[in-house]
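Here is a short briefing on one chain. It runs from the nonpolar cores to the overall build, then to two local sites.

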Amino acid sequence: MQSTMQRQQLGVPRLLRHITRITARSRVYTPEQPAGISFGELGARAARLANALAQRGVSAGAVVGTLCAATQEHLEAYLGVPGSGRVLHTINVRLHDEQIRYVIEHGGDEVILCDSAHSARLPVILAQCPSVRLVVIVGAGQEALPVLPGKTVCRYEALLENAPSAVAWEDVDEHAAAIICYTGGTTGLPKGVAYSHRALWLQANSLCTANSLGISAATRLLPAVPLYHVNGWGLPYAALMAGAEIILPGQTLHARNLLALIERHQPTLVAGVPTIWSDVLELLRERGANSLGTVKTISCGGAPVPHTLVAAYAAMDIGMYQAWGMTETLSMSAISQLPPWAVTRAEQEHYRRKQGRVMCGLEVRVAEIGGGVLPCDGSSMGEIQIRGPWVTASYLGSDDQENFDEGWLRTGDIGTVDPDGFVALSDRAKDAIKSGGEWIPSMGLEQAIRGHPAIEDVAVVGVEDPRWQERPAAVIVFRDGQAASADELAAWLETQVARWWVPNQWVTTEELPRTPVGKIDKKRIRQMMRAGEFPLC
Ligand code: AMP
């Protein structure tokens, strides 16, 4: 029997109708607009953008790329572009020019919205991008518009000026692409994932449930997350959906900027990668402060979250909830909320240390590399696989099914899943260390090493070994003015972990190399290790 329910499409047009009618009074604040603008005004500007694109002959289905930070204009593009049936391609500004050229060409972008801060890069990037015909410079840059032969170049405000501010926001097919995002491209060319309107809606909806981040009209959200990284972790759409107040950090995620925004706008929920919150912590300590004001919860993920960081914020009465996700899963797919039976401090810590419990609607399983399915028993370790309505089934313009297994996405993350759906990661498949036939979990080892008082940060990589095939090596960043010898560190670590986990080599650096999305770049570290570029501890 078919249901009697209406077949209404989920997606950005529906969201726009909601924010311009129902939650129109909630506001978005930015460093440039400390008084904020209302969702109603935001929707009207998104309508101007949609109408301006139509006036310029940019048709439905056309791809509009952005080279923009976490700004109000970028949020307008999040709404106006997919809301009018076009496709938004959020480009990671930290990719190399050649990678950016590649993703623009691969995505078939017709229009580029570019922050004035990046406009000097455009002549090189766009020299070989024939699909791009309109370039819109965003922001109050004083410099002249870039000269781009064969392309129309204008300013964002001029584009919006003569366009009407009303649109009906008609539904589009909920399975059509709304946003394109490319993977970081550390292991080859970036791969594109096209999120459907339905996927965006469902993921945003689930971020509003109390079991995940519980975003509501009472939330004041500061996402310290670039809007080009995995759809801003789904947070902008979730906050718009809930009518939550949004504080966008603008051009910089620097700790000083974030602390100023926290003081001014008093968020209750903030989000970002561990590096950001460890920078914020350092700045707080420098200032002799031990409070983040109104902040009650930090959603942290995108990279392993140090236990020491969780503990430092817990001491300020702030819950740091870990989340796990990836470009292919439209950001968060598991969040470390506690189950009702985690009552004691030790039980709660056990769960908080895991990457998270899989969100309702998604399914996870563990698989042996190149082999069968393993039990979800919390101890069988293998590759985590995932499926669900906000998980991609392929890469854009590619038939390659190497990363898929019978309809499941192979995440490339190694770990366990317990019977209650809590995911615990121990490695990226490509970073796993196999020593004498036994796995050494680099993430677990790094967590242990970070517990040393002289150590600020660490990366562990496998290096070739004639006897054990591979042995761990640790690259240490010492705290200011601190140091320790390899022997001291090894002797201390032996009291913390199994003896055979203790790295054979200890080297040091001032700063760990990072990828364009800010993750520790272990490929580069392995190259530097091989070339002997790090001084010994
Ligand atoms: P990206 O597609 O750039 O967002 O990268 C996704 C990858 O980041 C995942 O596959 C994980 O390897 C890693 N990652 C994300 N969240 C976490 C987390 N909470 N702990 C450890 N690694 C994480």
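In this predicted model, the largest nonpolar core holds 117 residues. W277 and Y313 touch the most other members of that core. Helix α2, residues 39-55, supplies the largest share, with 8 residues.

**Nonpolar cores**

- Y313 touches W277, so the two residues named above are also partners of each other, within the 4.5 Å contact cut-off.
- Beyond sequence neighbours up to four places away, the other contacts of Y313 are V280, L281, L292, I298, I318 and M320.
- Another core lies apart from the largest one and has 23 residues.
- Among the members of this other core are I91, L95, C129 and Y228.

**Overall build**

- The chain contains 15 helices and 27 strands.
- Its radius of gyration is 23 Å, close to the 24 Å that the globule rule gives for 537 residues, so the chain is as compact as a globular protein of that length.
- Along the principal axes, the C-alpha atoms fill a box of roughly 70 × 60 × 50 Å.
- Of the 537 residues, 57% count as buried.
- Take the contacts with a separation of 6 or more: residues 24 or more positions apart account for 65% of them.

**Surface and charge**

- The accessible surface of the chain is about 22900 Å².
- Carbon and sulfur atoms own 50% of that surface.
- There are 47 positive and 55 negative side chains.
- The centres of the positive and negative sets lie 4 Å apart.

**Helix α13**

- Helix α13 spans residues 442-449 and is mostly covered.
- In α13, 7 of the 8 residues are buried.
- The buried residues of α13 are S442, M443, L445, E446, Q447, A448 and I449.

**T416 in strand β21**

- T416 sits in strand β21, which covers residues 408-417.
- Is T416 buried or exposed? T416 has a relative accessible area of 7%, and the cut-off for buried is under 20%, so T416 counts as buried.
- Leaving out residues up to four places away in sequence, T416 touches V366, G378, S379, S380, M381 and I384.
- T416 also touches F422, V423 and A424 on the same count.

Terms used: Residues are numbered from 1 along each chain as its sequence is written. This is a predicted model: local features need pLDDT of at least 70, side-chain atom pairs count only at pLDDT 80 or more; totals for chains, interfaces and linings use all residues. Side-chain values use heavy atoms; hydrogens and water are left out. Helices (H or I, at least four residues) and strands (E, at least two) are DSSP runs, numbered from the N terminus. Buried means under 20% relative accessible area, exposed over 50%, partly exposed in between (1.4 Å probe, protein chains only). The radius of gyration is taken over C-alpha atoms; the globule rule is 2.2 Å times the number of residues to the power 0.38. Accessible areas come from the Shrake-Rupley method with a 1.4 Å probe; for residues, only the protein chains shown count as cover. Lys and Arg count as positive and Asp and Glu as negative; His and the chain ends are not counted. The place of a charge is taken as NZ of Lys, CZ of Arg, CG of Asp or CD of Glu. A nonpolar core is a set of buried Ala, Val, Leu, Ile, Met, Phe, Trp, Tyr and Cys residues joined through side-chain atoms within 4.5 Å.
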